[in-house]
Amino acid sequence: MENTTKNYEAFLLELGKLSEVCCDAMSEMRLDLYWQTLGPLMTLQEWQTACQQTMRNQKFHKVPMPAIFLEYRQRERLPL
């Protein structure tokens with residue numbers, strides 16, 4: 001997604017919701033690392049969908065590693 005303040009805030013809002021569901025507080029550094037890692041690779045809609053899928057499927061009280069979100073994104077994308 002484009003690196004804008006609006007996208008960053010929307011990204012953090014979804015990550016914050018997930019953090020609450022998982023009872024896993026995230027440091028500022030960790031939040032920034034998720035943004036730096038995932039922001040350029042997903043659209044905002046893909047990110048929101050990946051967070052929703054994670055909340056539905058996550059079985060542990062821990063925000064998953066970025067690769068899990070990328071797996072959900074890949075499942076949603078149509079083959080070229």
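Seven residues of helix H1 are listed as buried (under 20% relative accessible area, 1.4 Å probe, protein chains only): Asn 7, Ala 10, Phe 11, Glu 14, Leu 15, Leu 18 and Ser 19. They pack against helix H2 (28-38), H3 and H4, with contact meaning heavy atoms within 4.5 Å. This is a predicted model, where local features need pLDDT of at least 70, side-chain atom pairs count only at pLDDT 80 or more, and totals for chains, interfaces and linings use all residues. Residues are numbered from 1 along each chain as its sequence is written, and side-chain values use heavy atoms, leaving out hydrogens and water.

**H1 itself**
- Helix H1 (a DSSP run of H or I, at least four residues, numbered from the N terminus) covers residues 5-21 and reaches 24 Å from first C-alpha to last, close to the 24 Å expected at 1.5 Å a residue.
- Just past H1, Cys 23 takes a positive phi of about 50°.

**H1 with H2**
- The two axes (lines fitted to C-alpha atoms over the stretch in contact, angles from 0 to 180 degrees between N-to-C directions) come within 11 Å and cross at roughly 115°.
- On the H1 side the contact uses Asn 7, Tyr 8, Phe 11, Leu 12 and Leu 15, and on the H2 side Leu 31, Asp 32, Tyr 34, Trp 35 and Leu 38.

**H3 with H4**
- The axes of H3 (residues 44-57) and H4 (residues 66-76) come within 9 Å and cross at roughly 110°, so this pair is roughly perpendicular (65 to 115 degrees).
- Among the residues that meet here are Trp 47 and Cys 51 in H3 and Phe 69 and Tyr 72 in H4.

Technical notes. Helices (H or I, at least four residues) and strands (E, at least two) are DSSP runs, numbered from the N terminus. Angles under 35 degrees count as roughly parallel, over 145 as roughly antiparallel, 65 to 115 as roughly perpendicular and the rest as oblique. The expected span of a helix is 1.5 Å times one less than its number of residues. Buried means under 20% relative accessible area, exposed over 50%, partly exposed in between (1.4 Å probe, protein chains only).
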